[in-house]
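Subject: Handing over the model

Hi,

Here is the structure I promised to pass on. Have a look at it first, and then read my notes underneath.

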Amino acid sequence: EFFIAERREGIGVCGWILVSLSFLLVLVTFPISIWACIKVVREYERAVVFRLGRILSKKAKGPGMILVLPCTDTFIKVDLRMVACKIPPQEILTRDAVTAQVDGVVSYRIHSAVSAVANVTDVHSATLLLAQTTLRNLLGTQSLAQLLAGREEIAHSIQATLDSATEQWGVKVASVEIRDIRIPVAMQRAMAAEAEAARETKAKVVAAEGEKNASKALQKASMVLAESPAALPLRYLQTLTAVAAQNNSTIVFPLPINMFGSLRAEKYRGI
């Protein structure tokens with residue numbers, strides 16, 4: 001691997017001769033040449049100056065005005081602002097053999113302009129491709145349930161992996177977010193049916209518990225009513241009052257069976 005900080009060679013005697021001639025050209029054509037030599041670097045930019053193919057002073061220049069010699073110097077401007085890049089939808093196969101499409105957003109910035117220029121051809125394209133590959137590799141080791149429930153943890157894992165891989169490029173990965181997870185329609189229907197069955201099972205269990213508690217309450221109520229004979233007619237009257245409050249209703253008043261027995265006995269005596 002190539003690291004610019006490890007190169008300590010100078011430009012040589014011929015190089016110094018060419019640089020001296022370049023200075024002389026600037027002095028001879030002054031002040032016209034000064035407009036071509038002075039470059040302005042914005043606050044959020046850094047300029048990597050190459051002198052005879054070597055990075056000058058092993059560090060970036062700016063912000064402000066910098067001096068570039070004609071014929072011997074070239075420069076590349078690097079933007080240090082935060083970049084938010086969309087990861088295209090990636091079709092992955094989860095650990096439990098479910099096909100899904102996942103997309104996301106990666107935010108990063110360049111913290112070393114020299115490394116971004118000298119160690120990688122296109123730092124933005126390389127970061128995006130590495131984010132896509134890392135997303136596919138890490139999500140392929142997760143099941144669908146883990147993928148749906150643990151988005152935040154998976155995003156932090158992807159960020160840590162990207163950050164360590166892009167360190168030598170002078171890139172700092174700020175965050176990785178998983179935006180959308182799309183699964184096949186048949187799988188969506190199966191998951192909806194499973195969730196509905198689970199909810200119905202829970203509802204039946206709750207209803208059974210309610211019936212059990214209600215039966216216990218009725219048992220206790222019957223024991224209380226059995227202790228007081230006058231409590232049952234009072235309960236009848238309360239039921240009639242509640243039913244009479246409704247409109248267009250038919251009121252059915254229950255009578256004890258033993259009452260009919262007593263009436264029948266009196267009838268037989270009269271005969």
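Is V114 buried or exposed? With a relative accessible area of 7%, V114 is buried, since the cut-off for that label is under 20%. Before I go on: this is a predicted model, so please read everything below in that light.

V114 belongs to helix α3, which runs over residues 113-118. In space, the C-alpha atom of V114 is 8.8 Å from that of V78, while the two residues are 36 apart in sequence. V78 turns up again when you look at E45. That glutamate is in strand β2, residues 45-51, and if you set aside the neighbours within four places in sequence, E45 is in contact with K77 and V78. E45 counts as buried too, because its relative accessibility is 9%, again under the 20% limit. So V78 is a handy residue to click on: E45 touches it, and V114 has its C-alpha 8.8 Å away from that of V78.

Now the overall picture. The protein chain has 271 residues, and 25% of them are buried. You'll find 9 helices and 8 strands in it. If you take contacts between residues at least 6 apart in sequence, 68% of them join residues at least 24 apart.

There is also one record entry to pass on. UniProt, in an unreviewed entry, annotates residues 12-36 as "transmembrane region". In the model, that span is 80% helix and 0% strand, and the C-alpha atoms at its two ends are 26 Å apart.

Next, a helix pair. How do α4 and α6 pack? Helix α4 covers residues 123-139 and helix α6 covers residues 151-165; the angle between them is about 135°, and their axes are 10 Å apart. That angle makes α4 oblique to α6, because only values over 145 degrees would count as roughly antiparallel and those from 65 to 115 as roughly perpendicular. The crossing of α4 and α6 is right-handed. On the α4 side, the contact is made by L130, A131, T134, L135, L138 and L139. On the α6 side, the residues are I154, S157, I158, T161, L162 and A165. Sorted by class, the contact of α4 with α6 has 9 nonpolar and 3 polar residues, and no charged ones.

Just after α4 there is a loop worth a look. Both T141 and S143 are in the loop between α4 and α5, and α5 covers residues 144-149. What does S143 touch, leaving aside its neighbours within four places in sequence? The partners of S143 are T94, R95 and D96. S143 is buried, with a relative accessible area of 11%. T141, on the other hand, is partly exposed, at 45%. D96 comes up for T141 as well: the C-alpha atoms of T141 and D96 are 9.1 Å apart, with their positions 45 residues apart along the chain.

Finally, some backbone details that you may want to check in your own viewer:

- A97 has a positive phi, near 65°, and is not a glycine. A97 is in the loop between β6 (83-93) and β7 (99-110), and is exposed, with a relative accessible area of 59%.
- K58 is another non-glycine residue with a positive phi, about 60°. Its place is in the loop between β3 and β4, and K58 is partly exposed at 29% relative accessible area.
- P63 is also in the loop between β3 (54-55) and β4 (64-67). The peptide bond from G62 to P63 is cis, with omega near 0°.

So the β3 to β4 loop holds both K58 and P63, and you can look at the positive phi of K58 and the cis bond from G62 to P63 in one go.

That's what I have for now.

Cheers

Definitions and conventions: Residues numbered from 1 in each chain as written. Predicted model: local features only at pLDDT ≥ 70, side-chain atom pairs only at ≥ 80, totals over all residues. Heavy atoms only, no water. Axes fitted to C-alpha atoms, helices over the stretch in contact; angles between N-to-C directions. Helix = DSSP H or I, 4+ residues; strand = E, 2+ residues; numbered from the N terminus. Parallel < 35°, antiparallel > 145°, perpendicular 65-115°, else oblique. Left-handed = near helix turned anticlockwise from the far one by under 90°. Contact = heavy atoms within 4.5 Å. Nonpolar A, V, L, I, M, F, W, Y, C, P; charged D, E, K, R; others polar. UniProt positions renumbered as here; feature names shortened; annotations may be inferred. Buried < 20%, exposed > 50% of the residue type's maximum accessible area, 1.4 Å probe, protein only.
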